[in-house]
Amino acid sequence: MNRREFLKHTSKFALGASAAPLIPRLISAPLLAQATSSNSGYRAIVCVYLDGGNDGNNTVIPADSYYSQYATGRGALALDRTSLASLQATSGGRLFGLHPSLKNVASLYNQGHATWLCNAGPLTTPYKKGQTTGKIPLNLFSHTAQAAEWQSALTQADSSNGWAGRLADLLAKQNLSSSPIVVSTSGWQLLGSGTTTELASIGAGNGAVAVLNALQSLTPSLNQMDSTQGSNSLSNAISEMQSGHLSTTKLLLDAASTGSSIQTKFPNTDIGQQLQVIAQMINGRSRFDVNRQIFLSSVSGYDTHTLQLPMQASNLADLDGAVGAFAAAMQEINMFDQVTLFTMTDFARSHLVNSGGGTDHAWGNHHLIVGGAVKGGDMYGTFPSLVIGGDDDFATNGLWIPTTSGSQYAATLAQWLGVQSKDLSNVFPELSNFSKSTLGFLG
């Protein structure tokens with residue numbers, strides 16, 4: 001078999017996984033299945049990463065006397081107050097509404113099953129405008145840098161692993177009745193890359209089956225390579241990689257198939273299909289025999305420099321349909337209290353509109369948390385004043401300075417998943433820079 005033939009066969013991986021590419025490093029099936037405990041006490045967190053930077057200013061909107069401050073700054077992008085999805089008053093007496101596309105999320109919030117963490121973002125230390133001491137995160141407003149800082153929870157240096165990967169490393173070391181796994185429906189993500197544990201990946205819908213078929217199709221070519229002089233070392237290395245990929249993909253598909261009895265209908269959207277596969281794997285968790293899991297999904301299209309109003313309306317409608325279905329599915333299989341869904345995104349967007357009818361890169365943003373364990377129906381964090389050029393504005397166009405760090409956000413999820421308070425700093429090295437390690441939005 002020559003190089004061209006080999007590349008022809010391996011290219012099937014990319015085609016088969018187009019919905020969610022197969023990652024380059026997959027955990028082996030024996031490691032996935034080595035846990036021996038039952039699924040009693042099962043818990044999972046599910047990340048929905050909004051790639052590109054969702055505009056939080058038109059996601060969570062003041063619906064009280066502060067609406068005029070919002071509308072003044074937003075200009076042509078201001079949403080009509082009467083169109084907002086209504087939320088019950090916060091414990092502090094504030095009134096907010098959500099983007100009109102988020103009706104399912106608003107319902108979950110009003111039922112006490114969802115909350116928003118306001119104005120959170122990457123922070124090295126607490127920061128106030130004009131501060132001359134302390135540090136700000138590197139490369140603010142850069143997609144690549146800010147996504148990496150969100151996913152690694154490190155703001156002053158590059159990292160080869162993410163906080164969910166380090167969390168998996170720690171949980172495996174603590175051996176909390178099982179060996180946890182991280183599974184992605186959207187290919188490799190820094191977030192899930194660990195040091196001693198690795199990320200597994202499964203495509204959504206037909207993509208996963210196509211990947212399995214592509215892996216199986218390599219076997220005849222590998223056998224041919226075995227008989228070619230000088231190719232045994234390469235053949236053995238590729239065969240070993242193929243075997244690990246194949247067994248892992250089969251195991252993930254087996255779990256999804258085992259859990260496919262869910263009756264809740266999911267929307268036929270990218271994020272809808274990803275969350276459906278995750279729901280099925282949670283329902284089929286007995287195939288893994290683990291009691292801690294971390295699932296990663298991602299959806300693109302949130303970088304709205306132009307045409308923001310129609311683009312965000314469509315994006316948030318997709319998100320709302322998928323999250324609503326996922327919550328209903330978890331309730332259907334009696335796992336709602338054991339599974340927490342949360343969002344992350346690169347950054348917020350400027351409060352002021354740009355010349356293209358969109359918004360530019362900003363900093364602090366609002367993040368959604370959904371689940372039966374969520375202390376919902378209230379807001380967490382500190383909502384910015386929305387005063388252009390004011391104390392909350394990093395510049396003069398509405399780049400809100402975060403008042404809560406990404407590390408505090410993630411540490412709250414990690415603690416709920418089972419990490420002891422004394423061990424949080426091992427996962428989140430910058431957490432000690434803040435007076436409060438966790439935020440209390442999970443019970």
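In these exercises, a residue is buried under 20% relative accessible area, exposed over 50% and partly exposed in between, with a 1.4 Å probe and protein chains only. The model is predicted: local features need pLDDT of at least 70, side-chain atom pairs count only at pLDDT 80 or more, and totals for chains, interfaces and linings use all residues. Residues are numbered from 1 along each chain as its sequence is written, and side-chain values use heavy atoms, with hydrogens and water left out.

**Exercise 1. Compare the settings of Asn334 and Asn119, starting from phi.**

Step 1. Asn334 is not a glycine, yet its phi is positive, about 60 degrees. Asn119, not a glycine either, has a positive phi of about 55 degrees.

Step 2. Now place them. Helices (H or I, at least four residues) and strands (E, at least two) are DSSP runs, numbered from the N terminus. Asn334 belongs to the loop between α10 and β9 (339–345), while Asn119 is part of strand β5.

Step 3. Check accessibility. Asn334 has a relative accessible area of 63%, so Asn334 is exposed. Asn119 has 1%, so Asn119 is buried.

**Exercise 2. Follow helix α10 and find what it gives to the largest nonpolar core.**

Step 1. Begin with the helix itself. α10 covers residues 308–332, 25 residues in all, and spans 35 Å from its first C-alpha to its last, close to the expected 36 Å. That expected span is 1.5 Å times one less than the number of residues.

Step 2. Turn to the core. A nonpolar core is a set of buried Ala, Val, Leu, Ile, Met, Phe, Trp, Tyr and Cys residues joined through side-chain atoms within 4.5 Å. The largest one has 66 residues, and Leu275, Met281, Ile282, Phe326 and Met330 touch the most other members. Helix α10 gives the most to this core, nine residues.

Step 3. Look around Phe326. Counting contact as heavy atoms within 4.5 Å, and leaving aside neighbours within four places in sequence, Phe326 meets Val46, Phe266, Leu275, Ile278, Ala279, Ile282, Val339 and Leu341.

Step 4. A second, separate core has 40 residues, including Ala153, Ala410, Ala411 and Leu413.

**Exercise 3. Describe the surroundings of strand β9.**

Step 1. Consider burial. Seven of the seven residues of β9 are buried, so the strand is largely enclosed by the rest of the structure. On one side lie Val339, Leu341, Thr343 and Thr345, on the other Thr340, Phe342 and Met344, and both faces are covered.

Step 2. Find the partners. Two strands pair if DSSP finds at least two bridges between them. β9 runs parallel to β1 (residues 43–50) over seven bridges, and Leu50 has Thr345 as its bridge partner in β9. β9 also pairs antiparallel with β10 (residues 365–370) over two bridges, where Leu341 is matched with Val370.

**Exercise 4. Work out the strand order of the three-stranded open sheet and its edges.**

Step 1. The order is β2-β4-β3, with antiparallel pairing. β2 (60–62) and β3 (85–86) are the edge strands, each with a single partner, so one side of each has no neighbour in the sheet.

Step 2. Two bridges connect β3 to β4 (residues 96–98); Ala85 has Leu98 as its bridge partner in β4.

**Exercise 5. Classify two aromatic pairs and say which parts of the chain they link.**

Step 1. Set the criteria. Rings of Phe, Tyr and Trp (its six-membered ring) pair if their centres lie within 6.5 Å; planes under 30 degrees apart count as stacked, over 60 as edge-to-face and the rest as tilted. The structure holds 12 such pairs.

Step 2. Tyr127 and Phe394 are 6.2 Å apart centre to centre, with 50 degrees between the planes, a tilted pair. Tyr127 sits in the loop between β5 (114–121) and α5 (143–152), and Phe394 in the loop between β11 (379–381) and β12 (404–405), 267 residues apart. Tyr127 is buried at 15% relative accessibility, whereas Phe394 is partly exposed at 24%.

Step 3. The ring centres of Trp163 and Phe428 are 5.9 Å apart and the planes stand at 45 degrees, so this pair is tilted. Trp163 lies in helix α6 (residues 163–174) and Phe428 in the segment after α12 (424–427), so the pair ties together parts 265 residues apart in sequence. Trp163 is buried at 1% relative accessible area, and Phe428 is buried at 0%.
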